[in-house]
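Which side chains pack together inside a protein, and which rings pair up? Take a look at the model first.

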Amino acid sequence: MIEQKKIGFIGGGQMGEAIFSGVLASGLVKPDQVAVTDVSAARLDALREKYGVFTAVNDDANSGARAVIERSDIVVFAIKPQYARPMLTAVSGAFSPGQLVISIMGGITLGFLEEFFPKNPVLRVMPNTPMLVRRGIAGIAAGAHASEADSALGVELFNLVGMSYLLPENLIDPLTSVSGCSPAFAYLFIEAMADGGVEKGLPRDMAIRLAAQALAGSAEMVLQTGKHPAELKDSVCSPAGSTIVGVHALERGAFRNTVMNAVTESCDKMIEVGKKA
């Protein structure tokens with residue numbers, strides 16, 4: 001079904017690119033089915049050259065956004081949440097009732113979106129940047145006028161770039177902190193592990209690859225085995241071995257507490273951002 005749809009992106013930043021580049025890489029959606037608008041002409045030139053998509057510069061009259069809306073069955077709002085109100089105020093009248101509205105604007109609620117789209121199906125989605133390599137995660141909450149078919153279309157779209165979950169809207173912000181913000185936490189962990197390896201003599205490039213592959217492989221073990229992470233951790237920790245000593249060092253540094261704080265405080269910030277829209 002998604003292969004029959006034209007998809008427009010209002011906002012051509014990193015997150016928007018992560019989604020449409022992954023969708024294009026799937027082969028089901030062709031470049032002429034994707035349209036992108038942004039305020040930066042240079043950015044759009046680069047996207048058009050790289051992916052072959054339709055682009056339109058957005059000006060003070062929002063002509064680019066209107067051009068994208070006019071040619072799209074699905075419109076994805078991929079702009080910063082602080083710009084949500086002025087953008088939606090300016091362009092919501094350009095939508096026809098049948099167009100599917102998808103927002104990936106952090107913290108922006110379905111209630112807020114439906115003030116501008118009282119007759120359109122609306123999906124609130126929180127993706128993450130690993131969609132660039134089609135290993136992403138998306139949480140999807142459906143609005144009041146979104147049918148099962150609309151939700152299924154959203155799931156189909158985001159499954160092209162990873163996996164997606166339909167869930168109640170009250171779980172979108174917690175999901176954001178666990179899967180949307182956490183790539184940055186994971187990169188920090190990889191960097192720290194690589195730094196430790198470098199201190200002990202490993203070449204920098206090798207240390208980074210070793211750390212990244214170890215993290216990727218460990219994640220795949222959780223996904224494929226279905227075992228609790230604690231069980232998998234215990235299986236690596238031999239009595240009086242080097243791994244349990246390293247785990248002890250992490251616990252001494254309040255590793256788990258720090259990670260939990262990062263997740264919960266990121267969630268609180270996302271809720272705060274939504275309230276300011």
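F255 has 33% relative accessibility, so it counts as partly exposed (buried is under 20% relative accessible area, exposed over 50%, partly exposed in between; 1.4 Å probe, protein chains only). This is a predicted model: local features need pLDDT of at least 70, side-chain atom pairs count only at pLDDT 80 or more, and totals for chains, interfaces and linings use all residues. Residues are numbered from 1 along each chain as its sequence is written, and side-chain values use heavy atoms, without hydrogens or water.

**Ring pairs**

The structure holds 7 aromatic pairs (Phe, Tyr or Trp rings, the six-membered one for Trp, with centres within 6.5 Å; planes under 30 degrees apart are stacked, over 60 edge-to-face, the rest tilted). Two of them are listed here.

| Pair | Centre distance | Plane angle | Type |
|---|---|---|---|
| F112 and F116 | 5.4 Å | 55° | tilted |
| F189 and F255 | 5.8 Å | 45° | tilted |

F112 and F116 sit 4 residues apart in helix α5 (residues 110-116), so about one helical turn separates them. F112 is buried because its relative accessibility is 9%. F116, at 15%, is buried too.

F189 counts as partly exposed, at 28% relative accessibility. The F189 and F255 pair links distant parts of the chain: F189 is in helix α8 and F255 in helix α12, 66 residues apart. Helices here are DSSP runs (H or I, at least four residues), numbered from the N terminus.

Ring pairs also link F9, F20 and Y51 into a cluster.

Methods: Helices (H or I, at least four residues) and strands (E, at least two) are DSSP runs, numbered from the N terminus.
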